[in-house]
Amino acid sequence: VSLVATQVKDFYELLNTVLPGGGPRPIYKEGIEPNYTGKYNSKKDAHAAARETNEKICEEGMILLKNKNNALPIKTSKSGGESNPKVTVFGKNSVNIAFGGSGSGGANTSNATSLNDGLRAEGFDVNPTVEEFYKDDAKSGAARKAGSNDLYSGVTTVLSTAETPQDKYTEEVKSSYTEYSDAAIIVITRIGGEGFDMPRVMTGSTGYRNEDDHFLQLDANEEDLVESVCKAGFSKVILLLNTGTPMEVGFLEKGTNYVTKK
């Protein structure tokens, strides 16, 4: 019922923008009148309101699944802490996070704030060595590819998580952990949305183990990453699931012995 009511309201507002006698049409750019109307008088005001709405959606949409030993929140000097924590952000996709889905769920993210820059803005001191390592595809491996929009050929979609294998981590990268050991933040990313189905198999992808593997579980490289970080001596380890799709997270119930090799 609520879904129907929402759609009716949205449809009414859409019609109100195009029919004679509808609401006022603000000018978003000099000399250009948009097809859609609203309560804002400029593009700048509309953009500011959109950013505020996005923040509210994030605040209400993020879920804390587990908080063992009160690992969170972590305070910085900006939020009332005594100092700025030194943290290391792990995961190839930490520098290529998913801001939305595909198709109508996608958006222009060229002006989006990166995860690391967002942490710095809030007072965290982020490990630059690991960040640059992930940005360099020659060192950490190729970045993940976008999903296929082929819905008709019947060809099975296979997407790699693109997580960096442990043998690519150099001693220089590993030695940087010591200075930024207040917390480790591991980013696990999955993409999905309109335009393609989730992969049914992982055959041939990086991190592939066997024919039972699927896209909504950790692949071998992600398991190795989580295991390695948990053994690296960080004061806290935080796992961030950057996904709009539910994943298998049963390994979180197994504590430090969560990894089940196949």
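**View 1. The open, parallel sheet of the predicted model.** Four strands, here DSSP runs of E with at least two residues, numbered from the N terminus, form an open sheet in the order 2-1-3-4 with parallel pairing, where two strands count as paired if DSSP finds at least two bridges between them. Strand 2 (125-126) and strand 4 (237-242) are the edge strands, each pairing on one side only. Strand 3 (residues 183-189) runs parallel to strand 4 and is joined to strand 4 by 6 bridges, and Thr189 stands opposite Asn242 in strand 4. This is a predicted model, in which local features need pLDDT of at least 70 and side-chain atom pairs count only at pLDDT 80 or more, whereas totals for chains, interfaces and linings use all residues. Residues are numbered from 1 along each chain as its sequence is written, and side-chain values use heavy atoms, with hydrogens and water left out.

**View 2. Helix 7 across the sheet.** Helix 7 (residues 220-230), a DSSP run of H or I with at least four residues, lies across strand 1 (86-90), strand 3 and strand 4, running at about 170 degrees to strand 3; the axes are lines fitted to C-alpha atoms, for helices over the stretch in contact (heavy atoms within 4.5 Å), and angles run from 0 to 180 degrees between N-to-C directions.

**View 3. Surroundings of Tyr169.** Leaving aside neighbours within four places in sequence, Tyr169 is in contact with Phe133, Tyr134, Glu163, Thr164, Lys174, Tyr177 and Leu225.

**View 4. Cys58 and Cys230.** With a disulfide taken as a pair of cysteine sulfur atoms within 2.5 Å, the count comes to 0 disulfides. Cys58 has a relative accessible area of 38% and Cys230 one of 32%.

Definitions and conventions: Buried < 20%, exposed > 50% of the residue type's maximum accessible area, 1.4 Å probe, protein only.
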